[in-house]
Amino acid sequence: MDDNYYMKAALQEAQKAFDEDEIPVGAVVVVGERIVARAHNMTQRLNDVTAHAEMQALTMASAQGGKYLPEATLYVTLEPCVMCAGALAWAQIGRIVYGAHDAQRGYGIIENCISSRSLSLLHPKTVVVGGVMEQECAGLLKEFFGKKR
């Protein structure tokens with residue numbers, strides 16, 4: 001099992017969000033080779049601006065293994081926003097793998113503006129891999145927003 005395998009699981013979650021008229025972002029948390037949490041955006045359903053896929057997945061994963069997740073990998077279809085990056089830092093997530101880049105609201109935009117290399121929105125030991133299945137992840141988002149216009 002590789003990054004594409006788990007990103008496909010995150011894409012399945014994103015499709016659920018799409019089908020529920022939520023912004024189609026999906027996430028899974030993996031420990032070892034086992035998916036321990038699956039989630040998708042639920043901001044409309046829960047009427048909660050913090051109900052991002054990453055936040056939902058972190059909550060589920062933490063309920064099983066404690067609040068710190070240094071051995072876990074988060075697979076998410078869209079680059080995490082600043083809020084989610086902060087939560088991932090507090091969770092000390094070991095690895096983040098995301099699909100589509102978010103040029104408007106992704107945490108990377110803010111990190112690029114930080115002048116000191118000693119500051120980061122993520123935990124210093126977190127490894128980040130971006131662009132996994134980027135076309136598929138971005139395609140679902142483009143389709144969703146295309147229907148909204």
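Let's start just past helix α4: there sits Gln 92, with a positive phi near 55 degrees. Keep in mind that this is a predicted model.

**Helix α4 and its buried side**

Back up into α4 itself, which spans residues 82-90. Four of its residues, Cys 84, Ala 85, Leu 88 and Ala 89, are buried. Where do they sit around the axis of α4? They are on the same side of the helix, because they cover an arc of only 145 degrees. The spacing helps you see how that can happen: an α-helix has 3.6 residues a turn, so residues three or four places apart point the same way.

**The cysteines**

Cys 84, one of those buried residues, has a relative accessible area of 0%. Is its sulfur too far from the closest cysteine sulfur for a bond, or close enough? That closest sulfur belongs to Cys 81 and is 3.7 Å away, which is too far for a bond, since a disulfide needs the two sulfur atoms within 2.5 Å. For background, a disulfide is a covalent bond between the sulfur atoms of two cysteines. Searching the whole structure turns up zero disulfides. Cys 137 is in no disulfide either, and its nearest cysteine sulfur, the one in Cys 84, is 15 Å away. Cys 137 counts as buried too, at 1% relative accessibility.

**Salt bridges**

How many salt bridges does the structure hold? It holds five, and here are three of them, with the N to O distance for each pair.

| Pair | Distance, N to O |
|---|---|
| Glu 20 and Arg 45 | 2.8 Å |
| Asp 21 and Lys 148 | 2.7 Å |
| Lys 147 and Glu 143 | 3.8 Å |

Take the pair Glu 20 and Arg 45, whose side chains meet in a salt bridge. Glu 20 is in the loop between α1 (3-19) and β1 (26-31), while Arg 45 is in helix α2, so this pair ties together parts that are 25 residues apart in sequence. Glu 20 is partly exposed at 37% relative accessibility, and Arg 45 is partly exposed as well, at 49%.

Now for Asp 21 and Lys 148, which also meet through their side chains. Asp 21 lies in the loop between α1 and β1, and Lys 148 belongs to helix α6 (residues 134-148), so the two tie together parts that are 127 residues apart in sequence. Asp 21 comes out at 45% relative accessibility, which means partly exposed. Lys 148 gets the label partly exposed too, with 47%.

The pair Lys 147 and Glu 143 works on a more local scale: both are in helix α6, four residues apart, about one turn of the helix. Are they exposed or partly exposed? Lys 147 counts as exposed, with 58% relative accessibility, whereas Glu 143 is partly exposed, with a relative accessible area of 40%.

**Thr 43 in helix α2**

Last stop: helix α2, which runs over residues 43-46 and includes Thr 43. Thr 43 has a relative accessible area of 19%, and it counts as buried because the cut-off is under 20%. Which residues does Thr 43 touch, leaving aside those up to four places away in sequence? They are Glu 22, Asp 48, Val 49, Ala 51 and His 52.

Notes. Residues are numbered from 1 along each chain as its sequence is written. This is a predicted model: local features need pLDDT of at least 70, side-chain atom pairs count only at pLDDT 80 or more; totals for chains, interfaces and linings use all residues. Side-chain values use heavy atoms; hydrogens and water are left out. Buried means under 20% relative accessible area, exposed over 50%, partly exposed in between (1.4 Å probe, protein chains only). Contact means heavy atoms within 4.5 Å. The arc is that of the directions from the helix axis to the C-beta atoms. A salt bridge is a side-chain nitrogen of Lys or Arg within 4 Å of a carboxyl oxygen of Asp or Glu.
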